[in-house]
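Student: I have a model open and would like to go through it. Can you take me round?
Tutor: Yes, here it is.

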Amino acid sequence: MEEWAEKKVEHGKKKIWIGELSRELPASTQFDGFDISDAQYPPASWYGPNTTLSKLDIFKPLPEELVGKYDIVHLRFFMTVAKDSNIGLVLSNLEKMLSGHLQWVERDWLSKFPKTACETDDAHTQMTAFLHKWFNEADHFASASLNVLAHQHETPLPVYRKPYNEDNLIGTKAVGEKITDPGQKEWFQGMLRQCVEEVARGWWVDFEIVIVVGRKAMVGE
Ligand SMILES: C[S@@+](CC[C@H](N)C(=O)[O-])C[C@H]1O[C@@H](n2cnc3c(N)ncnc32)[C@H](O)[C@@H]1O
């Protein structure tokens with residue numbers, strides 16, 4: 001099990017979990033992928049065999065047919081969506097889907113940045129402090145009746161610093177478009193422009209990948 005968990009993270013490479021595993025595990029293994037939007041995933045034909053992709057809002061009551069259906073549930077990069085106030089709901093639904101293990105993988109942007117920033121700091125530091133906070137999934141696993149089996153921090157190989165940074169800026173731009181306060185929006189967009197200029201001058205971000213694996217508690221545990 002640990003081998004399986006580590007294999008799919010491999011120093012934080014941005015692999016598509018279902019796409020890789022469905023080619024490696026026996027053809028009898030079924031893979032179901034979910035997202036709130038079907039605009040987010042590649043065509044099903046690009047995946048390996050035995051794969052379905054469906055829409056699911058993880059904040060809504062879980063459809064009955066998914067209850068207890070999965071040996072393994074894998075969630076990655078949901079920190080921008082989940083908050084301390086609703087992570088309990090996310091974990092409760094994921095735990096309902098399970099008969100076995102949950103693996104949750106996140107980037108901890110703050111692992112290599114100061115937790116707060118001031119206006120003399122570079123744009124990346126200011127944006128990171130503004131956008132990101134860290135919640136510790138492992139702390140929340142216990143309240144969802146999940147026993148934590150592994151809690152690892154991995155630093156991606158240096159070659160991934162630049163692509164991850166660019167990926168982060170695409171997400172950051174999308175977040176900025178949702179800001180309603182005009183002054184804050186203007187500040188945000190100015191910072192983003194500076195970040196893009198910094199990238200052109202060779203800027204990159206360093207960060208850790210955090211992997212938590214939990215097992216559904218058995219009756220009496
Ligand atoms: C940062 S992306 C991560 C995508 C992918 N898991 C990965 O590792 O590359 C977050 C994803 O969560 C999806 N999402 C947002 N709200 C959701 C919800 N309520 N239920 C399910 N998925 C949601 C978004 O559509 C988006 O594809």
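**Ligand shell, fold and confidence**

Tutor: By class, seven nonpolar, three polar and three charged residues form the shell around the ligand. Nonpolar here means Ala, Val, Leu, Ile, Met, Phe, Trp, Tyr, Cys and Pro; Asp, Glu, Lys and Arg are charged, and the others, Gly among them, are polar.

Student: Which residues are closest to the ligand?
Tutor: Ile 36, Gln 40, Ile 58, Arg 76 and Phe 77 are the closest of the 13 that surround the ligand. A residue is near a molecule if its C-beta atom, placed from the backbone, lies within 6 Å of it.

Student: Is this predicted or experimental, and how is the numbering done?
Tutor: It is a predicted model: local features need pLDDT of at least 70, side-chain atom pairs count only at pLDDT 80 or more, and totals for chains, interfaces and linings use all residues. Residues are numbered from 1 along each chain as its sequence is written.

Student: What is the mean pLDDT of the chain?
Tutor: The mean is 84, with 89% of the residues at 70 or more; pLDDT is the predictor's confidence in each residue, from 0 to 100. Residues 1–12 are below 50, and this stretch has 21 contacts in the model beyond near neighbours in sequence. Two residues are in contact if their C-beta atoms, placed from the backbone, lie within 7 Å.

Student: OK, the fold. How many helices and strands?
Tutor: Seven helices and six strands. Both are DSSP runs numbered from the N terminus: helices are H or I with at least four residues, strands E with at least two.

Student: What order do the strands of the open sheet have?
Tutor: The order is S3-S4-S6-S5, four strands with mixed pairing; strands pair if DSSP finds at least two bridges between them. Strands S3 (70–76) and S5 (146–154) are the edges, each pairing on one side only.

Student: And how do S5 and S6 run, parallel or antiparallel?
Tutor: Antiparallel, with eight bridges joining S5 to S6 (residues 208–216). His 153 has Val 210 in S6 as its bridge partner.

Student: Which helix packs on the sheet?
Tutor: Helix H3 (residues 87–97) does, touching S3, S4 (98–108), S5 and S6.

Student: Switching to H4. Which residues there are buried?
Tutor: In H4 (residues 123–131), His 124, Gln 126, Met 127 and Thr 128 are buried, meaning 20 or more other C-beta atoms lie within 10 Å of their own, with C-beta atoms placed from the backbone. Their cover includes helices H6 (161–177) and H7 (182–200).

Note on methods:
Axes fitted to C-alpha atoms, helices over the stretch in contact; angles between N-to-C directions. Buried ≥ 20, exposed ≤ 12 C-beta atoms within 10 Å, placed from the backbone.
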